[in-house]
Amino acid sequence: MDDRQRFRDDDGNDDRSELMPDQSGAPRRERGTRWRLCLAICCLVSFFALSDVLLSPFFAEAPRPPPSETSPESQASAAPSAAPSSNEPPSPTQQLDLKTGFQVSSVPQVREYVFNITLGKDGPDGFAKSMIFVNGQSPGPLIEANTGDLIRVVVNNNLPEESTTIHWHGIDQRNSNWMDGVHGVTQCGIPPGQSFTYAFNVSGQRGTFWYHSHASLQYTNGLYGPLIIHDPDERVPKVDDDKVVMFGDLFHKDAEELVNQYLGTSHPWGDMVGMEPPPDNIIVNGHHVSNCTSTSAKGAKEKTFSCTAGSLYNTRVKSGDKIRLRLVSHSTSTPFLVTVDNHTLEVVEIDGTEVESVATTRLFMNPGQRYSVILTANQTVGNYKMRVTAARSCFHMGKGNPTFASVNYEATGLLSYDDVNAAAPPLGSRWDVTAKSNPVSGHEPWENACLDLPFNIPKPMRKAAAYEVGQHNYHYFTFDRDSENGTIHSYINETLYKPLGNDATLWKAAKIEQSNPSAVVADIGDVADTAGWDFGPAQLVMVSNDTTAGAQIVINSDAMMMHPFHLQYVSLVGLALAKQQANFPRSGQPFQIVGWGRGTFGKVKTTWNLENPMRRDTVTVPGYSHVVLRIRGDNPGIWALHCHILWHAEDGMFVQIGQRLDDLQEQLTALDSRIQGNPLPFRGRFCEKP
């Protein structure tokens, strides 16, 4: 085991004494022998840990207990291997502009970070509010790695009262399900004053990802940040510049207060049960402006408390350059239309999947989704507006919000050419987001303002046919929303999901004795059929019994509005399976979108695409429609599948996928034996003891 992964001793100190050079009066020959032995062990550990093929699936899963005090080194995240020449860690702006001196390489390394989670106040749009920070900032620090690297993040929870977890959105967690960071599914929350070390490999993955809290609505309050994986073999066009642009809705009230109102019987923003809270603003890379004098619901002008004007996001580009914009929606619920005045955009990556170029003037983005687009700076030198506009026709917002209306339901940033003064009046004009054509490709591919890019348009660069589905791996569920006693709930196959509270499904799976699984055949109409695995009532775990084949999941909407579903699971094709099915590339694989149609699956026409279907991890399911997904079934674990509108995830729009649970139990048993004798247990850590 790598010495940096060991538990610390009871005093909070690293137990590395046996790995330190001998400092006693021992003869030189003995000291030399010990040193050579230590060096040999370290080399072997490094080889096994960083090999592109993980020879041990249990590397780096042991967490650290909290340090006795915060060391100076833990006050900021670790800088990438090649830091800026000033020897100072990159600023938040440099991180988001990817000006970190990071070296893209095919040689695996360990990337280490320390996250200090704290509560404080800030005004992203000028309005002072309570926020959750990572190392004193929101968005949190950039995590940057190369494909094949090991990422290790020590999370110190310094919140006064709340537990927390961190989910690594889109990372496959190959053979490390316990590092997925989903509260109540793969772990229990990290309590205040405690620490946890996440460690995972990113082999076979590349592109744009992000991290965020997966405890209640903490990321609404600011706990999120970017995660970028580079690859020398990434199949996107060459660019001159590369930037991360994160955007999302902003709520001036604390999210916990809002979700309690939303789940209650009355709320001030609308009379209809289930109406989601309307946001107050939109921020771009943590910035926007506010109208501090807004109109109240009664029509009176009033000064907003603790408000300044805020600031616009501004970034510089060089004339003639091609710039990759990595767009990430960290929205809680609001869908967006993203445009740049006078500039067309070339889509080259979707949720970590490289795609053949698609030219467009606009992107529709739901919470959790990511797109990389290439913008060519070929316009007259000047300032141009980047617009992130709430797609209000796609998502009801109750009676509206005067504060949100005062900024026209839109955030703008500035794209400034060369040395143009950012205060100069912007050039250009906004695109018509209802247009059916664009000046580059003629036909505008985004035909519907409230849906993803049509599923048959993007073509993955790393081609893969649709996965073959095992006989016992067909799953089907219908979701709907309804009120009961004046409160809103989402139902999956007429069942209300109930989170475990102070436990996690993963640890329940570790203790379950499978009951006659060979006699159980998965029923395509019953999501609650756990194929011999009893997880208890209302846990909604879909288990695939055929471990050498893929699984098919039909998501059927019986609700009016669209919903973005995210699967906390990306499967990496294993060696044995890759030999059996050579047409599957050995790379990270999100789910495939193989079918779709209006109406209920099986009762209406389904359009199928089995040749090279689109792969992503967050998909928009249209209202009263169905989408058919396929996944590889080779990554042991319990994986959450839920609506990424956080209000809906909180009211029950949540299911779980069980894959290779026998192997998962073996992994957890081996994990227990590996850490036996350490001062703190790993299995069920932070969970309430019976």
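Q: Before we look at Phe-127, what does "buried" mean here?
A: A residue is called buried when its relative accessible area is under 20%. In this predicted model, Phe-127 has a relative accessible area of 13%, so the residue counts as buried.

Q: Where does Phe-127 lie?
A: Phe-127 is in the loop that runs between strand 1 (110-122) and strand 2 (129-134). Its C-alpha atom is separated by 10.0 Å from that of Phe-251, although the two residues are 124 places apart along the chain.

Q: Let us step back to the whole chain. How many helices and strands are there?
A: The protein chain has eight helices and 37 strands.

Q: And what share of the residues is buried?
A: Of the 690 residues in the protein chain, 59% are buried. The accessible surface comes to about 26,700 Å², and carbon and sulfur atoms account for 51% of that surface.

Q: What about contacts between residues that are far apart in sequence?
A: Taking contacts between residues at least 6 apart in sequence, 78% join residues at least 24 apart.

Q: Which residues have the most contacts inside the largest nonpolar core?
A: They are Phe-115, Trp-168, Leu-363, Phe-477, Phe-565 and Leu-641, in a core of 145 residues. Another core, of six residues, lies apart from the largest one and includes Tyr-476, Val-554, Val-594 and Val-628. As a general background, nonpolar side chains in soluble globular proteins tend to be buried together.

Q: What does Trp-168 touch, leaving aside its neighbours within four places in sequence?
A: Its contacts include Phe-115, Ile-143, Tyr-198, Trp-210 and Leu-227. Gln-173 is also among the contacts of Trp-168.

Q: Is Gln-173 buried or exposed?
A: Gln-173 has a relative accessibility of 0%, so this residue counts as buried. Gln-173 is placed in the loop between strand 5 (166-169) and strand 6 (195-201). Its phi is positive, about 50°, although Gln-173 is not a glycine.

Q: Why mention the sign of phi?
A: Because most residues other than glycine have a negative phi. Leu-98 is another residue with a positive phi, near 55°. Leu-98 lies in the loop between helix 2 (92-96) and strand 1, and at 13% relative accessibility Leu-98 counts as buried.

Q: Which peptide bond is cis?
A: The bond from Ser-138 to Pro-139 is cis, with omega near 0°. Pro-139 is found in the loop between strand 2 and strand 3 (143-146).

Q: New topic, the sheets. What is the strand order in the open sheet that contains strand 13?
A: That sheet has five strands in the order 13-21-20-15-18, with mixed pairing. Strand 13 (313-317) and strand 18 (363-365) are its edge strands, each pairing on one side only. From one strand to the next, the twist averages 25°.

Q: How does strand 13 pair with strand 21?
A: Strand 13 and strand 21 (residues 410-417) are parallel and share five bridges. Within this pair, Asn-314 stands opposite Leu-414.

Q: What about the open sheet with strand 26?
A: This sheet also has five strands, in the order 26-37-36-28-34, and its pairing is mixed. Strand 26 (541-544) and strand 34 (618-621) are at the edges with a single partner strand each, so one side of each has no neighbour in the sheet. Neighbouring strands are turned by 20° against each other on average, direction ignored. Inside the sheet, strand 28 (residues 563-567) and strand 36 (residues 637-643) run antiparallel and are joined by three bridges. Phe-565 stands opposite Cys-643 there.

Q: Where is there a hairpin?
A: Strand 24 and strand 25 form a hairpin with two residues between them, and Asn-485 in the turn has a positive phi of about 55°. These strands are antiparallel, with six bridges, and Asp-482 stands opposite His-489. Five of the six residues of strand 25 (residues 487-492) are buried, so this strand is largely enclosed by the rest of the structure.

Q: Last one. What does the side chain of Asp-351 join to?
A: The side chain of Asp-351 makes a polar contact of 3.0 Å with the side chain of Arg-616. A polar atom of the Asp-351 side chain also lies 3.3 Å from the backbone nitrogen of Asp-617. Asp-351 is in the loop between strand 16 (345-350) and strand 17 (353-360), and with 1% relative accessibility this residue counts as buried.

Conventions
Residues numbered from 1 in each chain as written. Predicted model: local features only at pLDDT ≥ 70, side-chain atom pairs only at ≥ 80, totals over all residues. Heavy atoms only, no water. Buried < 20%, exposed > 50% of the residue type's maximum accessible area, 1.4 Å probe, protein only. Helix = DSSP H or I, 4+ residues; strand = E, 2+ residues; numbered from the N terminus. Pairing = 2+ DSSP bridges. Polar contact = N/O pair within 3.5 Å; in protein donor to acceptor, adjacent residues only side chain to side chain. Axes fitted to C-alpha atoms, helices over the stretch in contact; angles between N-to-C directions. Contact = heavy atoms within 4.5 Å. Areas by Shrake-Rupley, 256 points an atom, 1.4 Å probe, with all protein chains shown as cover. Core = buried A, V, L, I, M, F, W, Y, C linked by side-chain atoms within 4.5 Å.
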